[in-house]
Amino acid sequence: MTKKLIRIEGLVVLVLGTYLYFSNGYNWAVFLLLLMLPDLSMIGYVVSNKTGAYVYNFAHTFVTPLLLLLLGLAFSVDFLMMIGFIWMVHIGMDRMMGFGLKYETDFKDTHIQRL
């Protein structure tokens with residue numbers, strides 16, 4: 001049940017974030033170019049599982065993109081809004097597919113399932 005809820009939540013974030021991004025008139029090319037950018041955080045695994053999990057989890061939690069959205073909204077900075085929406089959509093997409101936050105034990109150990 002929990003896995004299904006997390007995946008549904010991810011789908012909702014994916015759809016809502018995509019809708020809000022494009023309803024604001026933001027660019028398709030920028031969206032496609034930056035959508036997978038948070039996955040560069042996997043590079044931390046070159047150092048160690050602990051470093052990899054820390055860096056990956058930082059890039060895959062909702063805190064930073066939400067802060068970007070709030071700052072973009074508060075100061076009317078479209079660039080921050082664009083990045084925040086794209087980042088949220090990426091995280092939603094990952095959760096929908098069952099990719100979760102990483103444990104330090106192994107890249108395949110996540111809070112949703114073992115990959």
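**Reading the faces of the helices**

Mentor: Welcome! This is a predicted model, and we can begin with helix α3: its face turned away from the buried side carries the exposed residues Lys 50 and Tyr 54.

Trainee: Which residues make up the buried side of α3?

Mentor: In helix α3, residues 49–59, the buried ones are Gly 52, Ala 53, Tyr 56, Asn 57 and Ala 59.

Trainee: How do you know that they line one face of the helix?

Mentor: Look down the axis of α3: the buried residues fall within an arc of 155 degrees, so they line one face. The general idea helps here: an α-helix has 3.6 residues a turn, so residues three or four places apart point the same way.

Trainee: And what do the buried residues of α3 pack against?

Mentor: Their partners are α5 and β1, the latter being residues 102–103.

Trainee: Let's try α4. What makes its length close to the expected one?

Mentor: Helix α4 has 13 residues, and from its first C-alpha to its last it reaches 18 Å. At 1.5 Å a residue, 18 Å is expected, so the two are close.

Trainee: Which residues of α4 are buried, and how do you know that they share a face?

Mentor: Thr 64, Pro 65, Leu 68, Leu 69 and Gly 72 are the buried residues of α4. Down the axis of α4 they fall within an arc of 140 degrees, so they line one face of the helix. Their cover includes α3 and α5.

Trainee: What does the face of α4 turned away from the buried side carry?

Mentor: There you find the exposed residues Val 63, Leu 70, Leu 73 and Ala 74.

Trainee: What comes just after α4?

Mentor: Ser 76, with a positive phi of about 55 degrees. Ser 76 lies in the loop between α4 (63–75) and α5 (78–96).

Trainee: Why is Ser 76 called exposed?

Mentor: Its relative accessible area is 65%. Exposed means over 50%, so Ser 76 qualifies.

Trainee: Why is Leu 16 called partly exposed, then?

Mentor: Leu 16, found in helix α1 (residues 2–23), has a relative accessible area of 47%. Buried means under 20% and exposed over 50%, so Leu 16 falls in between.

Trainee: What makes Leu 16 part of a surface patch?

Mentor: A patch takes residues with over 30% relative accessible area, and the 47% of Leu 16 passes that cut-off. Leu 16 forms the nonpolar patch with Ile 8, Val 12 and Tyr 19, and together they have about 420 Å² of accessible area.

Conventions
Residues numbered from 1 in each chain as written. Predicted model: local features only at pLDDT ≥ 70, side-chain atom pairs only at ≥ 80, totals over all residues. Heavy atoms only, no water. Helix = DSSP H or I, 4+ residues; strand = E, 2+ residues; numbered from the N terminus. Buried < 20%, exposed > 50% of the residue type's maximum accessible area, 1.4 Å probe, protein only. Arc of directions from axis to C-beta. Contact = heavy atoms within 4.5 Å. Patch = residues over 30% accessible without salt bridge, like charges linked within 9 Å, V, L, I, M, F, W, Y side chains within 5 Å. Areas by Shrake-Rupley, 256 points an atom, 1.4 Å probe, with all protein chains shown as cover. Salt bridge = Lys/Arg side-chain N within 4 Å of Asp/Glu carboxyl O.
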